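Visitor: Hi! I'd like a close look at a single part of this structure. Could you take me through it slowly?

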Amino acid sequence: MTLTFLGTGTSIGVPAIGCECEVCRSTEPKDKRLRSCAMLETDGGLRVLIDCGPDFRQQINRYPFEKFNNGKIWQTANGEPVRHFGKLDAVLVSHIHFDHVGGIDDLRPFAWFGDVDIYAKNDVIEGLHQTMPYCFRAALYPGVPHLKMHEARHGETIHISRPERKQMNIFYGGADMQGHMRNDTREIVIEPATDTLDITPFTVMHGKLPILGYRIGKLTYITDMKTLPEESWPILDGTETLVINALRFQKEHHSHHLVDDAVKVARQIGARQTYLIHVTHDIGTHDCANSRLPQGIQFAFDEQQITV
């Protein structure tokens with residue numbers, strides 16, 4: 001499987017608005033952090049989005065939406081296939097805070113392929129009904145994303161598959177340079193996935209708020225954690241790759257891990273490789289911050305891709 005870090009920043013992102021610190025003024029791309037979000041792809045073609053914050057539109061537009069460009073596979077200058085993010089097989093939501101759900105309206109194009117399946121705790125589902133009521137009415141407003149909500153519960157495995165081939169015609173709007181609207185309909189084929197994916201949600205405490213982490217094969221993904229309940233530890237057994245939040249090095253926070261907290265959890269779990277996310281400008285520049293970490297632990301950066 002491949003995990004792409006679409007964003008690795010905390011709720012304010014990096015650079016922070018109005019900040020003139022050296023980190024926020026850095027021109028190094030790795031010091032630019034959009035809100036935390038990730039895309040998991042299986043070798044058999046399944047795609048799972050983890051959280052969908054307010055930067056999602058900007059994050060996903062870095063990649064082609066379709067596999068083909070006028071009948072030819074998108075390629076780099078070196079002739080390598082370019083990753084594309086079309087059909088989504090599932091969206092996993094950790095909790096209702098805006099930096100994790102603020103981009104759900106931007107899932108509209110993915111609804112072209114059918115309902116978007118979203119997995120979340122019941123309080124998240126209720127919260128989205130309040131903040132996005134236009135997506136859940138009997139008579140939907142034209143163009144809204146078609147969302148299919150599924151309650152995710154601690155310890156209850158979610159099974160993801162795509163067994164069927166789908167063929168459809170998709171209308172593309174837009175205009176030419178003179179503002180003449182186009183009427184472009186293309187045939188899109190969604191091939192079946194050749195594998196399946198089992199995902200186990202588990203409870204994480206974000207201060208006093210119970211939220212969800214996700215165990216996916218040998219990968220464990222945790223964000224916004226302060227503490228981990230006893231009942232969640234067994235689900236993490238056998239984790240080889242850990243993604244976990246680490247806000248900064250200093251100054252205690254009431255609901256987020258610091259770096260030392262994340263390192264301690266990584267060692268308790270016994271993960272071979274740990275990637276730190278949901279970080280602020282307070283960590284320093286990416287390279288300097290990484291030099292302070294023990295072997296096997298590193299800060300992730302936006303657009304980084306890892307094999308898990």
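Which strands does helix α3 lie across, and at what angle does α3 run to β8?

Guide: Quick note before we dive in: this is a predicted model, where local features need pLDDT of at least 70, side-chain atom pairs count only at pLDDT 80 or more, and totals for chains, interfaces and linings use all residues. Residues are numbered from 1 along each chain as its sequence is written, and side-chain values use heavy atoms, with hydrogens and water left out.

Now, your helix. Helix α3, residues 122–131, lies across β7 (116–120) and β8, and α3 runs at about 150° to β8. Some vocabulary: helices (H or I, at least four residues) and strands (E, at least two) are DSSP runs, numbered from the N terminus. Contact means heavy atoms within 4.5 Å. Axes are lines fitted to C-alpha atoms, for helices over the stretch in contact, and angles run from 0 to 180 degrees between N-to-C directions.

What do β7 and β8 belong to? They sit in an open sheet of 7 strands, ordered β8-β7-β6-β3-β2-β1-β18, with mixed pairing. Two strands pair if DSSP finds at least two bridges between them. The edge strands are β8 (147–151) and β18 (305–307), and each pairs on one side only. From one strand to the next, the twist averages 25°.

Now hop over to the β18 edge. Strand β1 (residues 2–7) is joined to β18 by 3 bridges, and the two run antiparallel. Look for T4 there: T4 stands opposite Q305 in β18.
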